[in-house]
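I opened the notebook to look at how helices pack and how chains meet. Here is what I looked up, entry by entry.

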Protein chains: 2
Amino acid sequence: MAKKETKLSILFAGAEIIRKKGFYNTGLMEILKTAGVPKGSFYFYFDSKEDFGAELVDFFTDYILQNMEAHFTDEGFSPLERMKRFFEERRIVMEEENFKGGCAIGNLTQETGDLSESLGGKLNLALRKMSGKFKECLEEAQSMNEIPQSIDSDSISNFILNSWEGAMLRVKVEHSSEPLLQFEELLFNKILK
Amino acid sequence: MAKKETKLSILFAGAEIIRKKGFYNTGLMEILKTAGVPKGSFYFYFDSKEDFGAELVDFFTDYILQNMEAHFTDEGFSPLERMKRFFEERRIVMEEENFKGGCAIGNLTQETGDLSESLGGKLNLALRKMSGKFKECLEEAQSMNEIPQSIDSDSISNFILNSWEGAMLRVKVEHSSEPLLQFEELLFNKILK
């Protein structure tokens with residue numbers, strides 16, 4: 001494999017395992033074995049596990065932002081419908097995955113956010129970008145009079161992101177979509193009214 | 001030290017370290033060293049790290065439920081004021097701890113909730129009990145007409161808990177109380193109106 005290709009296969013394998021098992025709970029050997037890359041070659045591609053973690057954060061951030069972007073620019077639906085469809089899709093993914101794994105950005109924030117300054121900084125930016133996508137969508141909804149002008153899009157977009165992350169967390173032990181359904185119900189029928 | 005005392009000192013040391021560093025990221029040796037207990041005696045007190053984790057979940061659950069109980073039965077304040085004071089106190093603790101650590105139950109749920117069936121089950125019960133405390137407080141607020149009768153105390157109490165956990169998570173990388181303040185503001189000025 002070419003160097004870039006090998007690096008990507010380590011990242012893909014790591015993303016899948018770490019999203020399910022956690023960052024500190026996953027050994028590099030397991031990732032390399034899954035990626036089919038010889039032991040010992042890890043440090044050829046990454047300076048440290050933390051450096052690998054930083055690239056993983058970029059990987060997950062790109063994924064979720066692209067997913068949000070695809071939904072939030074879908075002109076076949078109104079801004080509010082786009083947001084509803086995004087949360088619905090993520091909920092269905094969570095159901096399909098048997099309520100395991102959840103949001104990789106949320107998981108890494110919980111595990112590494114206040115332990116590693118470099119990962120914490122990157123995760124903070126990732127969450128701000130996600131919140132920014134909600135904000136744009138809320139402002140578009142306001143411009144189309146779908147939600148009240150009085151709603152503070154900045155503060156509510158952060159609240160939406162954090163509450164959704166909290167609901168995703170709860171789902172892991174409730175083994176049901178109920179926390180996400182309660183979140184969607186309250187968001188669209190109360191908070192954005 | 002007597003057997004029970006030694007066991008407690010391992011739990012106290014483990015609670016402090018694991019709340020800050022995480023479950024999988026903390027080695028038993030570090031806990032035993034902090035507790036001043038000889039290496040190798042861990043398995044005299046606990047069957048496994050998971051068994052130790054289960055006792056830690058009980059430890060944290062008792063702590064937070066007692067804290068909630070103390071606030072929610074404080075007759076010097078109305079039910080809604082009690083809830084406000086609870087969230088305010090937890091926010092101030094988070095500020096004093098420099099936005100590190102957070103809610104041990106939330107952290108353990110994120111880390112172990114979908115990996116360990118026994119810990120996940122205990123954490124699920126802990127979160128249901130916490131949500132139950134919010135529910136009782138909301139129902140008392142309803143009985144005193146502090147909040148609308150139309151509020152579904154069951155669903156809102158779960159939403160409150162999950163959203164608060166999500167805000168606590170965000171605080172870890174924002175290094176500010178802003179996510180908690182936004183949560184409190186929206187809860188008391190919009191959701192419970």
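**Entry 1: H8 of chain A and H9 of chain B.** I looked up helix H8 (residues 153-174) of chain A and helix H9 (residues 178-191) of chain B in this predicted model. Their axes come within 10 Å and cross at roughly 100 degrees. Axes are lines fitted to C-alpha atoms, for helices over the stretch in contact, and angles run from 0 to 180 degrees between N-to-C directions. Helices (H or I, at least four residues) are DSSP runs, numbered from the N terminus. H8(A) and H9(B) are therefore roughly perpendicular to each other. I noted the cut-offs: under 35 degrees is roughly parallel, over 145 roughly antiparallel, 65 to 115 roughly perpendicular, and the rest oblique.

I then listed who touches whom, with contact meaning heavy atoms within 4.5 Å. H8(A) brings A:Ser155, A:Ile156, A:Asn158, A:Phe159 and A:Asn162. H9(B) brings B:Pro179, B:Gln182, B:Phe183, B:Leu186 and B:Ile191. By class I found six nonpolar, four polar and no charged residues in this contact. Ala, Val, Leu, Ile, Met, Phe, Trp, Tyr, Cys and Pro count as nonpolar, Asp, Glu, Lys and Arg as charged, and the others, Gly among them, as polar.

**Entry 2: H6 of chain A and H8 of chain B.** Next came helix H6 (residues 104-112) of chain A against helix H8 (residues 153-174) of chain B. They pack at an angle of about 65 degrees, with axes 9 Å apart. H6(A) and H8(B) are therefore roughly perpendicular to each other. Their crossing is left-handed: the near helix is turned anticlockwise from the far one by less than a right angle, and clockwise would make it right-handed. A:Gly106, A:Thr109 and A:Gln110 meet B:Leu169, B:Lys172 and B:Val173. This contact has two nonpolar, three polar and one charged residues.

**Entry 3: the whole interface.** How many residues does each chain put into the contact? I read 43 from chain A and 43 from chain B. The area buried between the chains is about 3900 Å², and carbon and sulfur atoms give 55% of that. Buried area is the accessible area (1.4 Å probe) that two parts lose on being put together, summed over both. In chain A, A:Gln110, A:Asp114 and A:Arg170 lose the most area to chain B, together 18% of what that side buries.

**Entry 4: salt bridges.** My rule was a side-chain nitrogen of Lys or Arg within 4 Å of a carboxyl oxygen of Asp or Glu. It gives 30 salt bridges over all chains. Four cross the interface of chain A and chain B. I looked up B:Glu174 with A:Arg128, where the closest N and O atoms are 2.9 Å apart. I also looked up A:Glu16 with A:Lys20, at 3.3 Å from N to O.

**Entry 5: how I read it.** Residues are numbered from 1 along each chain as its sequence is written, and chains are lettered from A and ligands numbered from 1 in the order in which they are written. In this predicted model local features need pLDDT of at least 70, side-chain atom pairs count only at pLDDT 80 or more, totals for chains, interfaces and linings use all residues, and side-chain values use heavy atoms, with hydrogens and water left out.

Terms used:
Helix = DSSP H or I, 4+ residues; strand = E, 2+ residues; numbered from the N terminus.
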